[in-house]
Amino acid sequence: MGFFTSRRARRDGHVTVVQLLTALLMFVAFAVIGGFLLAGIALPAVTVAGSAVNGSVEIFEELPDELDSVQLPQQSNIYARDGKTLLATFYDQNRVIVPLEEISPWMQKAVIAIEDKRFWIHNGVDGEGLLRALATNLREDGIEQGASTLTQQLIKNTLLQDALEIEDDREQAEALAEATETSIPRKVREWRLALAFEESRNARYDGAACDGADPAVNCGKEDILEQYLNIAQFGTNRLYGVEAAAQYYFSKPAAELSAIEAATIAGITQNPSRHDPTRVFQTDDGPVDNYEAAETRRDAVLGVMMEQGMITQEEFETFEAVPVEDTLNVSAPRFSCSASDIAPFFCDYVTKIIAQHEVFNTEDQSGNDLLLTGGLDIVTTLDVRKQKIANQELRETVPVDDPSGFATAMVSLDPTTGEILSMAQNREFDPAAEAEGSTSINYAVDREWGGSRGFSPGSTFKPVILAAWLESGRSLRQIVQGSIQEYEDGDWAESCNGEVRFYGKPWKPGNVGGVGARSQSVLQATANSVNTAYVAMASQLDLCDIGDMAESLYFERADNAPFELVPASVLGPQNSSPLGMAEVYQTFANEGVHCEPLAILSITKPDGTEVDVPQQDCRQAISPELAAGVTYALQGTMTEGSGRDFQLEGRVSAGKTGTSQQNMHTWFAGYTPQLVSVFWLGHPDVDTPQQNMTIGDHWDDYFYGSTLMGPTWGRFMERALEGVEEVDFPSVSEEMLNGVPVTVPDVTGRSESTARYLAAEAGFSLRVSDQRVFSNSIEPGAVAQQSPGPYSRMTPGSSITVYLATDQMPDWWYNWPAGWDRNKAPDGYWGDTWPPAQFESNPPNGWVQQCENGDNWNEDTNQPCPGFDQDGNPIGQDGDGNAGGGGNGNGNGGGPGGDGRGRDDD
């Protein structure tokens with residue numbers, strides 16, 4: 001708008017007093033401010049430069065630092081691991097900075113023609129154009145001219161950009177107001193800055209003249225033109241810079257723009273909201289396009305280009321006849337993850353990492369700002385082929401619009417690196433979650449990374465219990481109880497938190513169908529996922545050791561709550577995510593080496609420098625032997641257990657089905673040496689039993705991990721591993737199969753609870769005998785004796801039997817049972833000598849017993865009855881009943897001096 005103009009005066013073509021005074025004030029301002037400002041405007045560039053060097057004129061404003069230090073925001077792009085497949089673009093301002101040699105000469109000509117036709121000859125401020133604009137504003141009705149050169153526009157845009165980077169809201173508002181206020185001082189300062197800026201750029205190139213022979217920047221003017229073409233706004237959708245504009249409107253780089261295309265873009269910058277050809281207005285009569293306004297503006301640019309000899313009259317007429325909509329080939333940027341048609345949820349996971357990981361967040365810049373303004377090329381770990389397979393398999397199993405409302409999600413990892421190769425779910429990604437079958441929640445990850453609170457993993461958690469079992473020295477072939485049992489106070493050890501109590505309500509877990517199972521090996525219990533057997537196994541362990549193993553395997557709850565050390569945790573009720581469970585199984589697949597999930601391979605800045613990214617983080621979590629033991633058991637699931645119907649063809653695999661309480665969530669987690677994948681199915685909004693219903697095209701009364709997720713896992717793995725070398729798992733050790741004997745602890749003198757803890761710590765169960773042992777040295781109720789004895793060796797999982805002390809004399813102390821050997825001390829006797837001295841004066845009832853007729857031995861006295869010798873023979877006879885000490889075996893004995901015929905010796 002003109003300075004202080006009267007609407008009526010402009011209408012009548014007269015100059016008001018205010019206008020006249022304004023013109024005079026402006027003239028005085030031009031002449032006074034800076035002393036020789038007008039001279040600087042009028043003089044040729046070389047003269048001004050030479051004068052400035054000699055110090056003879058002082059017409060320049062001191063350049064603020066921000067004119068050199070401001071960093072223009074650029075778009076960032078997220079790619080798959082091939083570095084070519086674009087997943088999404090992010091920006092605060094959609095801009096791609098390119099050098100001048102990568103901008104079409106037509107684009108350079110068009111913007112100069114319409115914005116600053118004297119660009120190549122003025123010194124930053126066009127004095128001739130300024131005075132002409134002033135006169136026009138004073139005399140013409142409705143004409144608004146400011147004669148801003150490209151240099152002035154660059155100065156203004158740069159100061160605006162710098163203001164936008166101020167974090168403090170109040171300071172930012174002040175800076176924006178200062179940069180945009182309509183006032184003579186602000187305009188004059190802009191002129192002085194423009195003069196100074198051009199001078200600084202000329203000095204940078206030693207005053208070299210622009211000859212156009214080299215398309216690269218080799219003079220101050222070309223430097224300014226390059227900056228302007230990269231900073232200016234060229235559309236309403238946060239579109240800045242000619243490269244982004246060329247890609248958006250014409251799907252080509254700025255270097256390839258034709259004259260008519262360049263004219264279209266150049267015409268937009270004057271008023272992007274008015275001249276953007278892709279803008280659509282919503283009216284009462286429906287949407288209205290903006291083609292007419294954009295075409296009018298384009299033709300105006302072409303007309304100026306013709307006037308300046310850039311195009312011919314014939315070219316102008318040819319271009320003018322082409323509708324603007326016919327020239328467009330719009331490629332809207334894949335802005336945000338919602339634009340990704342391959343992996344929107346993985347893309348969202350990557351943005352969460354950049355926003356939260358410490359490596360991307362510094363005192364100077366947040367990770368989110370880095371993503372939106374840094375112009376980054378982000379190459380991720382995503383394998384496009386595997387991702388497309390996952391998308392297809394999940395949606396074929398449960399379509400997006402499935403009436404059941406159930407959802408599926410999966411993750412696959414490279415077990416040797418932790419790299420995430422695919423992450424998918426049967427939902428459309430929509431931050432607003434407005435469309436049917438859409439969500440902003442990534443079901444595959446934990447809550448902190450944009451996921452939910454997680455889902456109960458059910459029996460896919462059992463390998464954690466198995467690892468704790470084997471770590472204790474127990475074995476895979478060990479027999480465990482499979483029957484349904486009640487567990488009460490004292491049946492479980494929890495050394496870190498105290499005694500496990502059920503408070504009068506015994507826990508009685510069961511299996512599918514509520515039935516028990518026979519005693520079986522741990523291998524069989526794993527293959528068939530027998531709950532009661534696994535509960536029996538866990539009851540022999542310390543719950544704290546189970547918690548430690550879960551931590552070692554990096555099992556974490558999806559809601560980040562602490563792991564609960566309760567007996568029911570054996571059956572997997574604590575919510576996890578597919579990525580969380582994949583971490584656990586990755587450790588088994590990688591010979592006990594755990595690798596943190598990795599989603600980003602590299603990030604490069606526009607200048608080619610590398611940005612630090614989270615590095616591969618792998619460490620030995622459990623021993624290779626332990627991992628091989630768990631894997632061996634999980635192979636049984638695939639060959640003879642619940643996963644046998646989807647064992648991979650021609651290659652080894654290990655896996656585990658999972659079904660949570662009431663079939664609310666069903667899982668399959670499995671792996672080969674080269675690939676780990678975990679699949680989940682459940683209702684994402686509310687726990688809903690998968691019972692008596694149709695999911696996808698499958699009806700069942702009860703859904704299990706083997707119903708839908710197992711087969712889907714199998715199909716994905718078969719396709720994902722196609723062409724990959726077949727590799728075997730490491731062999732299992734003898735110790736994992738059969739156990740390793742360890743030392744039996746000494747629990748004598750200990751309380752029952754302490755003895756139970758010590759036994760569990762050593763890997764043994766504890767059985768308390770009903771028989772009590774009298775002791776006058778051990779407190780009643782403590783362990784008086786144990787079997788086997790202390791420091792002997794047994795295989796973990798075996799049982800130590802203990803006998804508790806009592807201060808009550810045993811019954812045999814008072815009544816000696818008939819038939820007991822009085823020369824042998826009873827079990828549990830506490831004395832050092834037998835029989836006790838008290839028995840001499842006060843023997844138990846029945847201790848002394850007379851021989852009855854026919855007895856030859858007194859069992860109570862352990863002496864021969866009268867008339868019998870120590871061998872139980874009648875006195876005077878040998879073992880054959882024949883007299884004599886030297887019989888011949890025929891009844892003819894020969895005593896001393898005998899005749900060999902023998903005689904009776906009754």
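How many residues lie between β5 and β6 in the hairpin they form? In this predicted model, the count is two residues. Strand β5 covers residues 280-283 and strand β6 covers residues 286-289, and they run antiparallel to each other, held in register by four bridges. To pick out one of these pairings, start at Phe281: its bridge partner in β6 is Val288.

Next up is a sheet built from five strands. This sheet is open, its pairing is antiparallel, and reading across it gives the order β9-β8-β20-β19-β18. At the edges sit β9 (420-425) and β18 (654-659), each of which has a pairing partner on one side only. Going from one strand to the next, the twist averages 5 degrees. The edge strand β18 pairs with β19 (residues 665-671), again in the antiparallel sense, and six bridges link the two. Thr657, for instance, has Phe668 in β19 as its bridge partner.

Then there are the nonpolar cores. In soluble globular proteins, nonpolar side chains tend to be buried together. Here, the largest nonpolar core contains 96 residues, and the members that touch the most others are Leu466, Trp492 and Ile600. Take Ile600 as an example: leaving aside residues up to four places away in sequence, its contacts include Val350, Ile353, Ile354 and Phe360. Also touching Ile600 are Ile378, Val379, Thr380 and Thr381, along with Val613 and Pro614. Another core lies apart from the largest one; it has 52 residues, including Met107, Leu225, Ala254 and Ala266.

How values were computed:
Residues are numbered from 1 along each chain as its sequence is written. This is a predicted model: local features need pLDDT of at least 70, side-chain atom pairs count only at pLDDT 80 or more; totals for chains, interfaces and linings use all residues. Side-chain values use heavy atoms; hydrogens and water are left out. Two strands pair if DSSP finds at least two bridges between them. Axes are lines fitted to C-alpha atoms, for helices over the stretch in contact, and angles run from 0 to 180 degrees between N-to-C directions. A nonpolar core is a set of buried Ala, Val, Leu, Ile, Met, Phe, Trp, Tyr and Cys residues joined through side-chain atoms within 4.5 Å. Buried means under 20% relative accessible area, exposed over 50%, partly exposed in between (1.4 Å probe, protein chains only). Contact means heavy atoms within 4.5 Å.
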